[in-house]
Amino acid sequence: MSSSAPPAGRPVFTGLGVLSAFGAGPAPLAAATAGGSAAGFAAVTRFDVARRGTRRAALLADPPPLAEAVLGALADACAQSEPPSGAPLLLALHSDLHTREVAAEVARGAAALGLAGVARVYTGACVAAATAVADAAALVGSGRHPRVVVAAGHLVEPGVFAAFDAGRALARDGELRPFSSGRSGTLLGDAAAAVVVEADTAAAARGVRPLARLAGWGRSGDAHHVCRPRPDGAGVARAVRSALARAGVAPSEVGYVNANGTGSPVSDMAEARALREVFGEALSGLPVSSSKSVHGHALEASALLELVVTIGALGSGRLPVNAGWLGPDPEIGLNLVLSGPRQDARPRCALSLNSAFGGANTALLVAAA
Amino acid sequence: MNRLRTLATVRWPDGEPPPPLPGFPASTFNPLVAAVAERCLAAHYGEPGPPRRTGLLLASAGGDRATALAIDTAAAGHRMPPLLFFQSNPNAVLGYVAARWQLTGPVVAVSPPEAAAPGEVPSDALELAALLLADGDADHVLVITAEQAEPAAQAGPATQAGPAEAAEATGAADRAAAVLVAAAP
């Protein structure tokens, strides 16, 4: 993945495409998240769930094959950014018996769009796409590439659904209630998304106005457990601090957090503690939500889907609602974005957080262009 | 790029079954990753100690096919063993390694298009390790590659055989290697 050395610049987003349970494009997704819509979740009819404890997910009514879904988002992002000719594609997919086949099909489609094929496939669960974005930023920021494209896709399928159900990771009551009292787990969701990460200097040279800046990014490991989060949230806090330090942004400048917020009792608690550690008393005034409560958990695509939501919130000032809320968990103590009238200031900087199996944590800090 | 200093390198002996890894049934993949990581980390660090800013990067072209097959088979059958959830992603075993050795750097899993030659790690994985080191969230990166022998993937969830029996039954050999790297001065 080497290239000639173009001038280094700060990473910005110049193209974006998304497919979610609400359809293609960022507009229906933004409307759903800003309104706290529950319409994305429905009974699963795509495959047999009669033996599962949980039977709901956020699904597209008529999903295309996974590679086609990814290529659709990719085409939208590339069209918005003008064809990023020769740019490498970093792709996030679930690791299973079909990964290579899907990646090969995406590579063929990407080549037709003028990209340099799939440079790398990330399979690191729920941080896969965020890891790819961080690497894209590192490649752009260090001058190795003027533009790098990141794409991801996940369509709910019977194997992963059954495994998550057996592992008691899915919400027993069929509702995704991040940070709420009575939360009992997550719900899966369909998504494909793509972004073009470009050096600000390259975008300026093309006369392109960025959608947003990727001001900072951070990654850490919990060093705690195979899949359970470190209870004190120290790993998440380190990732957030790394992102803030890289950006030279003070915690007080962050105006919104799109939290990982899977709806898991222990994971949400650990994340809340991490935010308390980083933001201290200021956390009480910091709007936080998990947009998973609206679009579901898209696993390997989740971080890119939520990044798209976060970029949209920066642009519109309409913060995603933390849906499924039943009431406060006294140990959480977050200023959650709930449905109803709010007086939030339009954020200039926002964090998008993700955590995964293996104790992996990522933080992406997005700033208005 | 790819200016790296090698701190330790280990090749898992072809055909030598790794010790069973509690909590990771139905596949040789995770025990193999854990075993080769253990040997490589021990070669440089000696024993697990205080937290280290070491990242973990697993590169496998084939991935954990036995677990993937076990999950698909179980989903089509009557019962999904709960433990398959915990190993449904290659990151999971990295969490085991990180917890045992207190490694707090980034945790990354990738699937290169082609497996590396036996005893080597994919060149793209080394390039990614260099990028991670240059990016600043890790002082060292342990790069692990593991490829499961194709026939072992036929050992579905109903198979109670351990990794040794699976390898013996198929006559195929899993293979793995690991290298611990730092940025070159």
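This is a short dialogue on reading a predicted model.

Me: How many helices and strands does chain A have?
Reply: Chain A has 10 helices and 14 strands. The radius of gyration of chain A is 19 Å, and the globule rule gives 21 Å for 369 residues, so chain A is as compact as a globular protein of that length.

Me: What does the C-alpha trace of chain A span along its principal axes?
Reply: About 55 × 45 × 40 Å. Of the 369 residues, 66% count as buried. Take contacts between residues at least 6 apart in sequence: in chain A, 82% of them join residues at least 24 apart.

Me: Now a single helix. What should helix H5 of chain B span?
Reply: Use 1.5 Å a residue. H5(B) holds 13 residues, 123-135, so 18 Å is expected; the end C-alpha atoms are 18 Å apart, which agrees. After H5(B) comes B:Gly136, with a positive phi near 100°.

Me: Which residues of H5(B) are buried?
Reply: B:Ala125, B:Leu126, B:Leu128, B:Ala129, B:Leu132, B:Leu133 and B:Asp135. Their cover includes strands E1, E2, E3, E4 and E5 of chain B, together with helix H4 (128-141) of chain A.

Me: How is the size of an interface often given?
Reply: Often as the accessible area lost when the parts come together. Here, count residues instead: the contact takes 45 from chain B and 41 from chain A.

Me: Which elements of chain B give two or more residues to the side that touches chain A?
Reply: Helices H2 (65-76), H3 (83-86), H4 (91-101) and H5, plus strand E3. The residues on that side of chain B divide into 28 nonpolar, 10 polar and seven charged.

Notes
Residues numbered from 1 in each chain as written. Chains lettered and ligands numbered in written order. Predicted model: local features only at pLDDT ≥ 70, side-chain atom pairs only at ≥ 80, totals over all residues. Helix = DSSP H or I, 4+ residues; strand = E, 2+ residues; numbered from the N terminus. Expected span 1.5 Å × (residues − 1). Buried ≥ 20, exposed ≤ 12 C-beta atoms within 10 Å, placed from the backbone. Contact = placed C-beta atoms within 7 Å. Rg over C-alpha atoms; globule rule 2.2 N^0.38 Å. Nonpolar A, V, L, I, M, F, W, Y, C, P; charged D, E, K, R; others polar.
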